[in-house]
Structure formats: structure tokens, C-alpha cells
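Trainee: I am new to this structure. Could you pick a single part and take me through it closely, starting from one residue and working outwards?

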Amino acid sequence: MAYEFERTQRIAVLGGGPGGYEAALAAAQLGAEVTLIERAGVGGSAVLTDVVPSKSLIATAEASNAVKEAADLGVQFYAKGDSEKAVKPSVAINLAAVNKRLLGLAAQQSDDMRTNLIDAGVHLVHGEGRLDGPNAVIVATAKGGTDFDRIEADTLVVSVGATPRILPSAVPDGERILTWTQLYHLQQVPQHLIVVGSGVTGAEFASAYRALGAKVTLISSRDQVLPGEDADAASVIEKVFKRNGMKVLNKSRAESVVRDGDEVVATLSDGREVRGSHCLMAVGSVPNTHDLGLEQAGVQFSDSGHIRVNRVARTSMPNIYAAGDCTTFPPLASVASMQGRTAVFHAMGDIVNPPELRNITSNIFTQPEIAAVGWTQKEIEDGVVPGVVYKLPLASNPRAKMMGIRDGFVKLFASNGSGAIIGGVIVAPKASELIFPLALAVEHRLTVDQFAEAFPVYPSLSGSLTDAARAMHVVR
């Protein structure tokens, strides 16, 4: 009697960032034969040069601010040998030590992820990979591309990420003109940091380096910082920036940035010059999709060069999936991870619950933070979706008073009639932690009355969420 055995599905993952990592783990869990190709290290740029180190730097900046603001809470500092005279706290930042720590944390996280993959049975290949048609990946495993491996697969998952956009008139030199991946080699806090670009990345680093003691000038081409975010939230952040001594140049476009000895010169479109010691170029990113054999394999792109994918992360080729910043989905590590898992579940016939883009939670790690989920106030005001808005200043919250929090708010959006929560915005310290219950409410279509039935701790910042929900009670 002849027996037929089902062949184990072969899955090749190109790129070991959050999307590729989760795809490989999920595939191994489901019994696939998995190969992951990574050129820099497991975790990709998100772990090695972006999310992990940048948020570690921001954590240091938050600690610095906490010390400076302690006097507002009645904590006094005294000069050595003088117990009678309070002095203004002075915070010294050893940036070389800070950067050594955060790069060490990034390396440790990468090693932990690598260990997880090996323990799961994933075969790791270090090298430069590219597609060889729709069913194989060629990997250059030696410098100079002299040695190649050809890996055949039934399913391919592409998760190659993105890199900082480089402007011809402002080319980074890695010393004075920098991308955000090059900041971690600085030995001292910049005397005067010019930040070009007031989107998420520019705002986060401008906020962090100002807290670390650098003089900061933020050049924004728009009317307000964070132009793509909730207008009220952006207004709060810009107010805090200016109050903390940051110079914000709105409606200003940097035409060029050049080095002049130990200085940098940013020339604006109106002819003005801004001189500083360093310049961070934060003008967006470009997907790493060039020259990877994707077009030859039949994969379609958007005009920006991102890989077009549907809600299950499938490309125009049925057996090729893509995840992360190289795709047309929002460039968030959490989204990349979800795409990676969804892609594998779909490819292997497991149960798939395609993510709803509207329900993706985002956060901006300024001080204070901005977190958002669901529909926006602008969409409600423009009539895209019928809804009501309720905004509650954080200053009215008892815990905020105790903590000396002056800035921020919670804002809830609810559907007309049913009262279902359809979105919200939180501006507060650790808004990234506070947004989760609101994300659950949006995901599971809870009404404001159902949300208000939960018992928050008193006093707590999260109590402002239920306070806002109670204020939106739907009379039936």
C-alpha cells in the first residue's frame, strides 16, 4: 500500500524586522519549513537603528525632565555642604554613555529575537537577498556577492523596511548633518541642533534633545508642527515646545543644508539662514524595494515605490506577501508585526481576521505623548462619518494635579444615535499606555455607556477616559 505524505510548506522571509520576525515565528509555529534572510541583524532597523534606540533616548530625556521639574512638586535640591539654601537643579547628560546604553539595549533585543527564532526552528541566513522569480530567493552570503545561495519556497514574505529620505541639497555626512540612524554616534549633546521636518520623527527628536539640554530650532514647512495629526494635539505640543525654549519656524522650507567648518547652515526658501552645530534631516523615508527582483516576479508597486498589499498582506502575486514599512500600510512596528502574522496565517490556511486600518493605534513619543485611534475629528467635521466629539482637559484630573501635569487632554468620538465609540485622542504623559482601553472600545464597538461602566482606579489618569464617556451618556 502506498502512502502519501503532505509536503511541509516552505516559507522564505526576506527581512528580519518586526514583520519578518513575526512571520517567521508564526510559520514555524504552524509547522512550515522556514528560512529568514537578514542582512543587518534580527529586528532590522526598527530594533537596531530606529524604534528601540530612539525610544530609549526619549526615556532618558523624560528622566532628565522629571529631575528639572521636581521643584514644582516641592522637591528641593541643595548645594553640597549647604543644607539651608535650595538651588536650581542642574542636570548633566553624558550622551556618550546614553548612546552606549541604548545601542547595547538594541543589540540585546536583537540577540533575544534571534534566539527565539532559532529555538522555534527557523533557519537563519545572513546576507543580501533578492527574488529570483516568484518562488525563490537568491542570497549573497559573502561580501562582494561572490557566494550565493538559492532558496526555493512555496510562499515568500517580503519585509525589507525603509530608509531615511536623502535630499540632494542636504546630504548627510554622519558628523554634522545627520539622519536619525546616525544620531547614536554623537559623543556630546549638540550645542544647537537644527531639525528639518516637523513630522513624527522630527518632533520626537526635537523634543528629546531639547530636554537633554540642546538648543533646538525646528524648521516646519507647514502652519503647525505635526501637520498630519489631531489639530488640538499638535497645538498643545507646539505650545510646550516654545515654552521649553525651542524655536519653531513655521511656514519655512529648508532649500539646502551644508556644512561650514564646525557649523551647519540651513538656507530657507526665503533666503534666511539658520546656523547650528548639527542638523537632523527628518524628511520622511523611502521603501527598500529597489533592485530586489520584485517587479520581475510580478509584484506591483504604488507611485511611491511601496509594495501594494491587501488586508491580508498579499501582493499582486498570490504566493508573495509583504509586511512593514515597505508596503502601503501605515509605517508602524505594530502594523508590521500584525501583517507578518496575518500573511502566514492566510498562506497556510489558518483562521485570519484581517486588521481594520481604522482601528490601528498610533503614538508620538514627544513630551507629552500623543496617542490616537479610530476616526478623526476632522473626518467627523467634514461629514465623512457622523459623530460627536467630547474633549476633557487633563488639568481637571486629580491625579494630573498631584503629578504636576499642566498640558494635555482626552478626547472621545462617538457615533450619533448609538453612542458607539469610534475614535479618540489622548495627549498626556505615557499616552501610549492610556490609549489601550480606548483601542479595545473602538475594536469591539463599545458604547460610551458600556465604557463608562468600567471601574477606573481613583485617582488615575485613566479616570479621565471614563469621565469623558460619562459626559457623553446617551439618553434612551
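**A loop residue and the sheet before it**

Mentor: Lysine 251 has a relative accessibility of 64%, so it counts as exposed (exposed means over 50% relative accessible area, buried under 20%, partly exposed in between, with a 1.4 Å probe and protein chains only). The model is predicted, so local features need pLDDT of at least 70 and side-chain atom pairs pLDDT 80 or more, while totals for chains, interfaces and linings use all residues. Residues are numbered from 1 along each chain as its sequence is written, and side-chain values use heavy atoms, without hydrogens or water.

Lysine 251 belongs to the loop that connects β14 with β15 (254-260). Helices (H or I, at least four residues) and strands (E, at least two) are DSSP runs, numbered from the N terminus. The phi of lysine 251 is positive, about 50°, although the residue is not a glycine. Most residues other than glycine have a negative phi, and most peptide bonds are trans. Aspartate 291 is another non-glycine residue with a positive phi, near 60°. It sits in the loop between β19 (285-287) and β20 (320-322) and is exposed because its relative accessibility is 56%.

Now go back along the chain from the loop to β14. This strand belongs to an open sheet of five strands, ordered β11-β18-β12-β13-β14 and paired in parallel. Pairing requires at least two DSSP bridges between two strands. At the edges are β11 (177-178) and β14 (247-249); each has a single partner strand, so one side of each lacks a neighbour in the sheet. At the β11 edge, two bridges link β11 in parallel to β18 (278-281). Isoleucine 177 faces cysteine 279 of β18 there. Helix α5 packs on this sheet and touches β12 (192-196), β13 (215-219) and β18, where contact means heavy atoms within 4.5 Å. The direction of α5 makes about 165° with that of β13; axes are lines fitted to C-alpha atoms, for helices over the stretch in contact, and angles run from 0 to 180 degrees between N-to-C directions.

In contrast to the exposed loop residue, cysteine 279 has 0% relative accessibility and therefore counts as buried. Cysteine 326 is also buried, because its relative accessibility is 0%. The structure has zero disulfides, a disulfide being a pair of cysteine sulfur atoms within 2.5 Å.

Helix α5 (200-211) also has a role in the surroundings of another helix: α5 is among the elements that cover the buried residues of α4, along with others including α1 (18-29) and β2 (33-38). Helix α4 runs over residues 95-120, and its buried residues include Leu102, Ala106 and Ser110. An α-helix has 3.6 residues a turn, so residues three or four places apart point the same way.

One more helix leads to a second sheet. Helix α6 (231-243) lies across β22, β23, β24 (409-415) and β25, at about 175° to β24. These strands are part of an open antiparallel sheet of five, in the order β21-β22-β25-β24-β23. Its edge strands, β21 (362-364) and β23 (387-393), each pair on one side only. Within it, β22 (369-374) and β25 (421-428) pair over six bridges, with glycine 374 opposite glycine 423 of β25. In the loop between β21 and β22 is proline 368, and the peptide bond from glutamine 367 to proline 368 is cis, with omega near 5°.
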